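Here is a short report on one protein model and its ligand. Start with the view below, then read on.

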Amino acid sequence: MKIPVGILGATGSVGQKFIQLLENHPWFEITALGASERSAGKKYPEAVNWFMTGPIPENISSMIVNECKPNLNCKIIFSGLDSSVAGEIESEFARAGYIVVSNSRNHRFDPDVPLLIPEVNPDHLELIKQQNFGKGCIVTNPNCSTIGLVLVLKPLADRFGIEAVNVTTMQALSGAGYPGVASLDIIDNVIPYIGSEEEKMESEPLKILGSLVNGEIVNCDMIISAQCNRVAVLDGHTECVSVKLKSPATEAEIIDAWKSFTAEPQKLDLPTAPLRPVYYYEQNNYPQPKLHRNIDKGMAVHIGRLRKDPILDYKFVVTSHNTIRGAAGGAILNAELMVKKEYIKP
Ligand code: NAP
């Protein structure tokens, strides 16, 4: 029997991606949908402006959207709630015994809440044991740009150490939710501001790459400077990254660190894990969101253009799918890891 899951924020950009990715999932089955009062009580197709490719899955079409109250028939809650309401609703569900796997920023820095990327810090799941929600708990996904960045930093941090990172992003429209940025604002344009994004990118990696010492996360001692831009791409965030390493490395050693990187989700053969978390390309015009975002289930991160940086040590370009690896797919992988590690018992 599959584990029943509910989607909160089921009508949004991330919620729709959850519904698409969970169709035919081998372990999880959607049994409940939640959204705002505007949508509650309606059949899902009447509540949603569906903009995924392909139709709404048949079993979902007949479901009624609920209010986000902790009386839903499911064990796991995947939350794609707007951050203006996510914090309290997610706590209520955890208190009521649900396993909450969230994409919102609200609980990311709670000291007892893991900010999880299964390939990077699976050991941080231990923090759950300190939570006071009874049978329930909260686990969070990092920000969508942070996930792509940290997945490529991790192999370098392990092998050479990282002192400093300078990153400039070109972020897709789906990252702004639905309806997102007005077309008149973004067509023929670049918007050099995404609210709170730079602060998230400069702080979240320090917790994720931090170490668990005596039940507490000790942040890693790296300094990050981020500049974030919205561009007219539908899906897939691209990031131009420069790094200063702690010990010297050749280009070949860096590429080898990326190409040979494999981690817990691959070893455990989790259903949503990419075969390889990181792909490196030699072509000097790669990676590109349109070409690479969907490779390996949309769960891999794509790197190219590694070269010397005259200010720091090296620079390169990264692309990853923001609503798959950076949100719904990442959250599903978190839950799969929790099942395999028996934090969630069927
Ligand atoms: P979105 O498209 O704006 O969707 C927001 C969802 O929240 C909708 O389902 C909406 O329901 C629901 N909602 C709004 N107000 C509510 C209320 N008062 N009570 C209950 N539900 C309410 O946003 P999104 O892009 O999917 O993002 C969702 C969350 O994930 C955000 O916290 C965002 O920061 C985070 N995130 C997004 C991405 C991305 O790439 N998009 C990546 C990582 C993390 P109605 O339709 O009924 O209003």
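## Two domains, one ligand

Domain 1 (3-143 + 328-340) and domain 2 (144-321) each give at least three residues to the shell around the ligand. Domain bounds come from an automatic or database domain assignment.

This is a predicted model, where local features need pLDDT of at least 70, side-chain atom pairs count only at pLDDT 80 or more, and totals for chains, interfaces and linings use all residues. Residues are numbered from 1 along each chain as its sequence is written, and side-chain values use heavy atoms, with hydrogens and water left out.

## The shell

The ligand has 27 residues around it. A residue counts as near if one of its heavy atoms lies within 4 Å. T11, V14, S36, R38 and S39 come nearest.

## Backbone contacts

Polar contacts here are pairs of N or O atoms within 3.5 Å. A backbone N or O atom of S174 is 2.9 Å from a nitrogen atom of the ligand. For D82, a polar backbone atom lies 3.3 Å from a ligand oxygen atom. Y178 places a backbone N or O atom 2.9 Å from an oxygen atom of the ligand.

The protein buries 82% of the 900 Å² that the ligand exposes when taken alone. These accessible areas come from the Shrake-Rupley method with a 1.4 Å probe.

## Cis peptide bonds

Y178 is also joined to P179 by a cis peptide bond, with omega about 0 degrees. P179 lies in the loop between β7 (162-171) and α6 (183-186). Helices (H or I, at least four residues) and strands (E, at least two) are DSSP runs, numbered from the N terminus.

A cis peptide bond also joins Y286 and P287. P287 sits in the loop between β12 (278-281) and α10 (289-292).

Definitions and conventions: A polar contact is a pair of N or O atoms within 3.5 Å; within protein, one must be able to donate a hydrogen and the other to accept it, and residues adjacent in sequence count only if both atoms are side-chain atoms.
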